[in-house]
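User: Please take a close look at one part of this model and describe how its pieces are put together. Prose is fine.

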Amino acid sequence: MSTESFVGSGDAPPGGASLGTAASLDAAPLAHVVDLVRSGRAVTRPRLVVVSGLTRKVVTQRVEDAFRLGLLRDGGLAASEGGRQARLLEFNADAARVFGVLIEASEITVGVADLRGRLLSTSHEDWSVDNGPDATMARVKAHIDALAAREPRLRAWGIGVGVPGPVDLTTGRLVSPPIMPGWHGFSARAWLREHVDAPVWVDNDVNLMAIGEWTFGPGPTADDMLFIKLGTGIGSAVISRGRLLRGQRGGAGEIGHVHITDAPDAVCRCGLVGCLEAVAGGWSLLAEATRRAAESPVLEQALAERHQVTLGDIGVAAQVGDALVRELIEARANVIGDVAANLVNFANPGQLVIGGGVLRTGDGFLDIISAVIQRRSTRLATDGLVIRSASLDQNEGVAGAALLATENLFAPAALARWIEDGNPLGHAAALQQLPAAYV
Ligand SMILES: [Zn+2]
């Protein structure tokens, strides 16, 4: 596989231009001005003077610099406030691109996004992480190259990666991922940095799903959010006051392996017995549905035709009122509902969002989980609580991965470090050392 082709590695890209006078630039006020416009706190020159505390002359110069670098652009005229109309300034989200990568137990999704983290297109493939880290990362690289080739003029400034296991925030490495044998200690960041010229940030997949949904979903972003992923495995993430609950080393939210039962047949992939995932995860659902397919006409037919049962087949069976599927979903949703009710009591979120591939089975899970939470959580925790399914068509994780890249690139300390050069590409190692966004 080619290791050198990457976004626009040849031509001078619009956002990659470097100021000839870099040495004379004062990075801090320039970064401050770009940050104020990008965050929407000040989008005219007069407002920048007021909000930044910089002089009019310095603001004018720094805005000019930002225009030359391609980071800001003209946004038309502001609404009149009686006096002369000020010209609006706009952050140029199209100066470059970032990639979001979501590696799941049984699939890979890669998305390309603008510098606000808005997804422009995605590429997806069914893929098992059992193939091991090197083969998996080679597939990720192939998706990145294919997406990059569509816009060869624009460079990629950063990559955010989500992985289905606990990530040590200080090293970016996976730490004993229960469902990924062979991945312990692996660094997706180090692998990508060897093959791609851009800074890389890595996080747990469910954290990124929560960030994607919190930023781009329908709920007010002021709300505290609890996100529960029901996929092959089960995980959760809590956003409180706009910050992710991380724990000491990044392991917060790992609910897939909390203990539910001592039943000896509930052996989990992590080696323990009776984990939530073993009792109620997507893989346990598929395993039991396959084993008992003869009890369901829909599943029996699916198994005969394609030699496997999928979550989609279970959804079809649920729609026609299949008794076996109803039993399998009810049993699992009740167990998950109990755990979710505990989490709601613990975290008191404004929204509980359920995401993950298990949603392909229909509304059964969400309905039962909602009912259990209403029954089992405290009144204070359920008053005003919105319980809903994820809204980004299964793309919330890859959207969150893209945001991980943009928010780390444009965090004020990061911006000040690279802005004199007009792009962050020569600063990857330094940027990756800075305290990460969403921490
Ligand atoms: Zn387990």
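Analyst: The model is predicted. A good place to begin is helix α12, residues 364-376, which lies across β10, β13 and β14. The direction of α12 makes about 165° with that of β14.

These strands belong to an open sheet of five, in the order β12-β11-β10-β13-β14, and the pairing is mixed. At the edges are β12 (243-244) and β14 (386-389), each of which pairs on one side only. A second helix, α6 (residues 205-216), also packs on this sheet. Helix α6 touches β10 (225-230), β11, β12, β13 (351-355) and β14, and its direction is at about 125° to that of β10.

At the β12 edge, the partner strand is β11, residues 234-240. Strands β11 and β12 run antiparallel and are joined by two bridges. Ile239 stands opposite Leu244 of β12.

Next, the metal site. Which residues coordinate the zinc ion? The donors are ND1 of His257 and the SG atoms of Cys268, Cys270 and Cys275, at 2.0 to 2.3 Å. Along the sequence, these donor residues follow the spacing H-x10-C-x1-C-x4-C. The angles among the four donor atoms are 106 to 119°, and the site is tetrahedral. For four tetrahedral donors, the ideal angle is 109.5 degrees.

Are Cys268 and Cys270 buried or exposed? Cys268 has a relative accessibility of 5%, so it counts as buried, the cut-off being under 20%. Cys270 is partly exposed because its relative accessible area is 29%, which lies between the limits of 20% and 50%.

Elsewhere in the chain, helix α5 (residues 188-195) has Ala188, Arg189, Trp191, Leu192 and His195 buried. These residues are on the same side of α5, because they cover an arc of only 165° around the axis. The buried residues of α5 pack against α4 (133-148), β6 (156-163), β9 (200-204) and α16 (428-433).

One further residue is Asp35, in helix α1, residues 27-38. Its relative accessible area is 12%, so Asp35 is buried. Apart from neighbours within four places in sequence, Asp35 is in contact with Arg41, Phe410, Pro412 and Leu415.

To return to the starting point, the sheet has α12 across β10, β13 and β14, while α6 touches β10, β11, β12, β13 and β14.

Key. Residues are numbered from 1 along each chain as its sequence is written. This is a predicted model: local features need pLDDT of at least 70, side-chain atom pairs count only at pLDDT 80 or more; totals for chains, interfaces and linings use all residues. Side-chain values use heavy atoms; hydrogens and water are left out. Two strands pair if DSSP finds at least two bridges between them. Helices (H or I, at least four residues) and strands (E, at least two) are DSSP runs, numbered from the N terminus. Contact means heavy atoms within 4.5 Å. Axes are lines fitted to C-alpha atoms, for helices over the stretch in contact, and angles run from 0 to 180 degrees between N-to-C directions. Donors are N, O and S atoms within 2.8 Å of the metal (3.2 Å for Na, K and Ca); water is not among the atoms, so sites may look incomplete. Four donors count as tetrahedral if all angles lie between 85 and 135 degrees; four count as square planar and six as octahedral if opposite donors are over 155 degrees apart and all others between 65 and 115; anything else is irregular. Buried means under 20% relative accessible area, exposed over 50%, partly exposed in between (1.4 Å probe, protein chains only). The arc is that of the directions from the helix axis to the C-beta atoms.
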